[in-house]
Amino acid sequence: MIDDDDLPPLGPEFAAQFKRDDKRPPCQLYLISPLDVDGDFPDRLARALDAGPVAAFQFRVKDVDQHEAARLAEPLLRICADREVAFIVNDSISLAKRLGADGVHLGQGDGDPREARSVLGPAAQIGVTCHDSRHLAMEAGEAGADYVAFGAFYQTTTKPTTHRPDPAILSWWTTVFEIPCVAIGGITPDNAAPLVSAGADFIAVSGAVWNGDEAAAVRAFDAVLNAAR
């Protein structure tokens, strides 16, 4: 079995020397919900999605049963569908199936991409958290994942993290594999550019958008992504 110790080390110079293939689509914005999506959150989501291009929205709630999660998700699903933004459910294959969501994002303990594919069908978008591990990312790709997520790249209060990859992992992945990669963890408009330059296909953000003016934040991220193009 190949693990990260069997792979050649990646130095920061790997990212510094990286040049994105012009055939690869430019980096896009991927929004992740806060844990509280009740109240006025549907209006906030609509404002965010109307403020600039967003490729996907991940529905992430904790400590609620599936019936309540479905109740919370349904208006958000409609908002995303109206704007042709992919609606991805965090962790739960069964909730994604129930909602008819566009896909599911799986942590390392949340199920196998093969199971998700069997349940959700060939068109579903299946993402897998891979932390700072090239080995986990390759395993996810072999299991049929549509994207792999690396992070947390920066300090974040959205969720506890113990992994801190170097941006070079994005450069390595994008150079070797066609499957898109997502950068996640503490990303703001002020620190996103190095991750975009290193090869991220998507930057996944949460607190940087929902902890303030969501429309202004999306516009700020769009300016960073446009500059990279």
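Which residue of S6 stands opposite Val128? The partner is Val148. This is a predicted model, and that pair is a good place to enter it.

Start with the barrel. Eight strands form a closed barrel in the order S1-S2-S3-S4-S5-S6-S7-S8, with parallel pairing. Neighbouring strands of this sheet are turned by 25 degrees against each other on average, direction ignored.

Now follow Val128 both ways. On one side, strand S4 (residues 103-106) runs parallel to strand S5 (residues 125-131), and four bridges join them. There Leu106 stands opposite Val128 in S5. On the other side, S5 and S6 pair in the parallel sense, also over four bridges. Val128 faces Val148 in that pairing. Val128 thus has Leu106 opposite it in S4 and Val148 opposite it in S6.

Stay with S6. The strand is mostly covered, with five of its five residues buried. In a regular strand, side chains alternate between the two faces of the sheet. In S6, Tyr147, Ala149 and Gly151 point one way. Val148 and Phe150 point the other way.

Two of these S6 residues lead to a void. Rolling a probe the size of a water molecule over the atoms shows where empty space is left. A search of the whole structure finds one cavity of 30 Å³ or more. The volume of the largest cavity is about 30 Å³. Its lining consists of Tyr30, Ile32, Gln58, His105, Tyr147, Ala149, Val182, Ile184 and Ala204. Strand S1 (28-32), S6 and strand S7 (181-184) are the elements that give two or more residues to this lining. By class, seven lining residues are nonpolar, two are polar and none is charged. Tyr147 and Ala149 belong to this lining, and both point one way from S6.

Next, move to the helices. Helix H6 (residues 134-142) lies across S5 and strand S6 (147-151). H6 runs at about 165 degrees to S5. Arg134 has its place in this helix. Is Arg134 buried or exposed? Arg134 is buried, because its relative accessible area is 8%, under the 20% limit. Leaving out residues up to four places away in sequence, Arg134 touches Asp4, Leu7, Pro8, Pro9, Leu10, Ile169 and Trp172.

Ile169 and Trp172 take us to helix H7 (residues 168-176). H7 is mostly covered, with seven of its nine residues buried. The buried ones are Ala168, Ile169, Leu170, Ser171, Trp172, Trp173 and Thr174.

Trp172 has another partner in Phe14. Phe14 is found in helix H1 (residues 12-16). With residues up to four places away in sequence not counted, Phe14 touches Ala168, Ser171, Trp172 and Thr175. Phe14 is partly exposed, because its relative accessible area is 30%, between the 20% and 50% cut-offs. For a sense of distance, take Asp91: Phe14 and Asp91 are 77 residues apart in sequence and 32 Å apart in space, C-alpha to C-alpha.

Finish at an open site. The second largest pocket has a volume of about 280 Å³. Helix H8 (193-198) and helix H10 (214-228) are the elements that give two or more residues to its lining. The pocket is lined by 13 residues, and Arg20, Pro26, Cys27, Ala228 and Arg229 lie nearest its centre. Seven of the lining residues are nonpolar, one is polar and five are charged. The cavity lining, by contrast, has no charged residues.

How values were computed: Residues numbered from 1 in each chain as written. Predicted model: local features only at pLDDT ≥ 70, side-chain atom pairs only at ≥ 80, totals over all residues. Heavy atoms only, no water. 1 Å grid on protein atoms, 1.4 Å probe; cavity = no way out; pocket = protein on both sides within 12 Å on 5 of 7 lines; lining within 4 Å. Points joined across faces, edges and corners; volume = space filled by probe spheres on them. Nonpolar A, V, L, I, M, F, W, Y, C, P; charged D, E, K, R; others polar. Pairing = 2+ DSSP bridges. Axes fitted to C-alpha atoms, helices over the stretch in contact; angles between N-to-C directions. Contact = heavy atoms within 4.5 Å. Buried < 20%, exposed > 50% of the residue type's maximum accessible area, 1.4 Å probe, protein only.
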